[in-house]
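Student: Could you take me through one part of this protein in close detail? I would like to see how a single strand sits among its neighbours.

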Amino acid sequence: MKRTFSSRFDGVPESIDGSPSSSRSVTETVNGSHNFVIQGYSLAKGMGVGRHIASETFTVGGYQWAIYFYPDGKNAEDNSLYVSVFIALASEGTDVRALFELTLVDQSGKGKNKVHSHFDRALESGPYTLKYRGSMWGYKRFFRRAVLETSDYLKDDCLKINCTVGVVVSATECPRLHSISVPESDLGLHFGALLDNREASDVIFDVCGEKFYAHKLVLAVRSPVFKAKFLDPAEEDGKEVVIEDMDPKVFKAMLHFVYRDTLPDEESISPSSSSSSSKSESLAERLLAAAHNYGLKRLRLLCESKLCKDISVNTVASILALADSYNATELKAACLKFAAENLAGVMRSKGFEYLKEKCPLLQSELLKTVAGFEDDSTSSSGGKSRSVWAQLSDEHSGKRVKDRRPAQGGGYRTAALCRAAVTRPPALLGGGFVTEDPKSQEKRKNRENKARGG
């Protein structure tokens, strides 16, 4: 709906198309409470009619308030037979409308509080109006003094009064006539254009014969390695830098991230004729190495997130080795957990052969993870879940046999073997882990021989 206004805004919108406008008035209270403790009531008596003890001021609805307690009453005609309690407007204000509640607390624990309240009931004349600073609402005859002094409201010469103030506020709501949308940040687009256009570039990278133009200051801000190279006075300030350990396609993708803070689409990075990297390696895998070498933490996490989605029985071993090489801790943890949960299938994969030959220390970490997974699964299911290690043992022996004898500590015997194995380099037998130590093997063989009558 379009609306137009005169040059002097008078608050009344005129509809161009004749359709009705709308608004809504909302009146409500802004509430706040204060607890006032009067210690030494007996000493306050006799201070004089019309004289009061004041609480600390408190703020509700933008105004200051205070509780006034009159131990000898507020009016002389009552002859000090009653105590008086009032709530006073303690700050500047005109025609402040409010609801009030005064509660004298029963200190016996029976909950029989004496309550005077405007809340939760209809008021014939509406909320009380305080005309100016010092205006008060309350009760001259709040409680007969003789009764109060023998009641459960007075304990250890102490009174407790709770006060709630609800300041009435009104507001008119109407549809927003105008809205201004703020677009997403385009900082990356501008820096990306700077890279693409080579404008004001001050360094050239030679990557396997392919030239890349860039800006030293941008690179130094993004990477601690480039910062040390380009901003350190001791470093030689050359115009051209030769990069020998990276594929041009990977370097181009890394520059894309440095300037735009995003991962490029793999299709947008045209393959280089001089590429010497294996085609089986994904761009994310090679970028992970670049991120590690150049201290690009966010790029490393982006690559970890992308590679995590590719974890499967056939890929987890190779991704685990990659994560371990480049300190990708979150990706490594995800791989270890997946491998522990799917150990039998993982050990049949080709990637696991590489893991055995090239990364023996990772086997110990995998054993630790398997042991922890075993303990978690047995404790959470009451010891009824099938051990992944037992499944692996059955698979290698060709038997569907499961050892249900619990090890000390509540886990299955296989979990205990895992914990024992992590204290030494894991032995390999027939392409798999040895699941029994020599003593256990000898005892098992003796039991089998006795069973056969040998």
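Tutor: Happily; what follows starts with the whole protein, then turns to one strand, a serine and a surface patch. This is a predicted model, in which local features need pLDDT of at least 70 and side-chain atom pairs count only at pLDDT 80 or more, while totals for chains, interfaces and linings use all residues. Residues are numbered from 1 along each chain as its sequence is written, and side-chain values use heavy atoms, with hydrogens and water left out.

The protein has 16 helices and 17 strands; these are DSSP runs numbered from the N terminus, with helices being H or I of at least four residues and strands E of at least two. Of its 454 residues, 39% count as buried, where buried means under 20% relative accessible area, exposed over 50%, and partly exposed in between (1.4 Å probe, protein chains only).

Now to strand β8, residues 96-104. This strand is largely enclosed by the rest of the structure, because 7 of its 9 residues are buried. Its pairings, which require that DSSP finds at least two bridges between two strands, are as follows. With strand β12 (residues 158-173), β8 runs antiparallel over 7 bridges, and T103 has N162 as its bridge partner there. Strand β9 (residues 114-117) is joined to β8 by 4 bridges, again in the antiparallel sense; in that pairing L104 is matched with K114. Strand β10 (residues 128-130) is antiparallel to β8 too, with 3 bridges, and V96 is partnered by L130.

L130 also leads us to S135, since it is among the residues that S135 touches. S135 sits in the loop between β10 and β11 (136-144), and it counts as buried because its relative accessibility is 11%. Leaving aside residues up to four places away in sequence, S135 touches I87, A88, L89 and L130, contact meaning heavy atoms within 4.5 Å. A polar atom of the S135 side chain lies 2.8 Å from the backbone oxygen of Y132, and a polar atom of that side chain is 3.5 Å from the backbone nitrogen of K131.

For a contrast, look at L217 in helix α4 (residues 216-222). L217 counts as exposed because its relative accessibility is 60%. Together with V221 and L231, L217 makes a nonpolar surface patch of about 330 Å²; accessible areas come from the Shrake-Rupley method with a 1.4 Å probe, and for residues only the protein chains shown count as cover. Patches are made of residues with over 30% relative accessible area and no salt bridge, joining like charges within 9 Å and nonpolar side chains (Val, Leu, Ile, Met, Phe, Trp, Tyr) within 5 Å. A salt bridge is a side-chain nitrogen of Lys or Arg within 4 Å of a carboxyl oxygen of Asp or Glu.

Notes: A polar contact is a pair of N or O atoms within 3.5 Å; within protein, one must be able to donate a hydrogen and the other to accept it, and residues adjacent in sequence count only if both atoms are side-chain atoms.
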